Amino acid sequence: MFRRKLAALEYHNSGVFDCKDEVGFRNLIVWLEDQKIRHYKIEERGTLRNVQNNEWPKHYEKYLADVNCPFKAEERQENLDWLLGLAVRLEYADNVDKYKNCTADNVKNDATKGTDPLINLDVNNPDFKAGVMALANLLQIQRHDDYLIMLKAIRILVQERLSPEAIANANRAKEGFTVSLEKHLLGFDTGDATLNEAARVLRLLHIEELRDLQTRINEAIVAVQSIIADPKTDHRLGKVGR
């Protein structure tokens, strides 16, 4: 019933999704809000993302009301189909130029081309979950309820840090350059010229460490933003979110 819309939205589990599976259903709702609908601001999605919470049905009922869904929470198939339709409309509105020239022949041709290999994975397979968790622990990646998101984070890290080019750059010694210590003010005087010079060296090393830390922070921010969708900004409304 939902396969075509899920496939159109490029949902990773579209082929085996079961509306009666409570865990799968909740994860899909979170995915729709995070990736497609984005009605809430990011900081407002916490209760909906906590799919293990016993109060989740109440939060879901409130979410349906907030997006003006005409169906009740108990009407699961109806409200899910409505949310999928909403997501499809928003996806089209965000990418009009991409979809306006689409034809049936184009869709068939695209279907024959290679797709993201992650789409066809069975994310409910215990072996898959165990493998992803082992990799995440090995690479020190933050745990997430959605194992596919963790796998995407692993892929990003491997591509950026463990590719042959990245390893070669890491192993390549940094080219040194001459620094005139006299041009760098220490800000205090130890009373000993040798100690003053050593203090200048330590200060420059500390600044270099801070720069490296900032670079790592920026890389982490980019990695997170590539996984978690940012809310859309409507400048006409003067607010963040749809």
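Start with the whole chain: it holds 11 helices and 2 strands. Helices (H or I, at least four residues) and strands (E, at least two) are DSSP runs, numbered from the N terminus. From that end, the elements run α-α-α-α-α-α-α-α-α-α-α-β-β. This is a predicted model: local features need pLDDT of at least 70, side-chain atom pairs count only at pLDDT 80 or more, and totals for chains, interfaces and linings use all residues. Residues are numbered from 1 along each chain as its sequence is written, and side-chain values use heavy atoms, with hydrogens and water left out.

**Whole-chain view**

Turn on the surface. The accessible surface of the chain comes to about 16900 Å², and 53% of that belongs to carbon and sulfur atoms. Accessible areas come from the Shrake-Rupley method with a 1.4 Å probe; for residues, only the protein chains shown count as cover. Of the 242 residues, 29% count as buried. Buried means under 20% relative accessible area, exposed over 50%, and partly exposed in between (1.4 Å probe, protein chains only).

**Stop 1: Ser 14**

Select Ser 14, in the loop between α1 (3-8) and α2 (22-37). Is Ser 14 buried or exposed? Ser 14 counts as buried, because its relative accessibility is 15%. Now show what surrounds it. Leaving aside neighbours within four places in sequence, Ser 14 is in contact (heavy atoms within 4.5 Å) with Arg 3, Leu 6 and Ala 7.

**Stop 2: salt bridges**

Select Arg 45 and Asp 34. Their side chains meet in a salt bridge (3.2 Å, N to O). A salt bridge is a side-chain nitrogen of Lys or Arg within 4 Å of a carboxyl oxygen of Asp or Glu. By this rule the count comes to 10 salt bridges. The Arg 45 and Asp 34 pair links distant parts of the chain, 11 residues apart: Arg 45 is in the loop between α2 and α3 (46-49), Asp 34 in helix α2. Both residues are buried.

Next, pick Lys 36 and Glu 91. Another salt bridge joins their side chains (3.3 Å, N to O). Lys 36 lies in helix α2 and Glu 91 in helix α5, so this pair ties together parts that are 55 residues apart in sequence. Lys 36 is buried, at a relative accessible area of 11%. Glu 91 counts as buried too, at 16%.

Move to Glu 55 and Lys 58. They form a salt bridge, with the closest N and O atoms 3.3 Å apart. Glu 55 is partly exposed, at 35% relative accessible area. Lys 58 counts as exposed, at 56%. Then select Glu 33, Asp 34, Arg 45 and Arg 49: salt bridges that share partners join these residues into one network.

**Stop 3: the nonpolar patch**

Which residues make a nonpolar surface patch of about 340 Å²? Select Leu 210, Leu 213, Ile 217 and Ile 221 to see it. Patches are made of residues with over 30% relative accessible area and no salt bridge: like charges are joined within 9 Å, nonpolar side chains (Val, Leu, Ile, Met, Phe, Trp, Tyr) within 5 Å. Zoom in on Leu 213, in helix α11 (residues 193-227). Leu 213 is partly exposed, at a relative accessible area of 46%.

**Last stop: Asp 189**

Select Asp 189, in the loop between α10 (164-171) and α11. Asp 189 is exposed, because its relative accessible area is 61%. Add Ala 199, 10 residues away along the chain: the two C-alpha atoms are separated by 9.5 Å.
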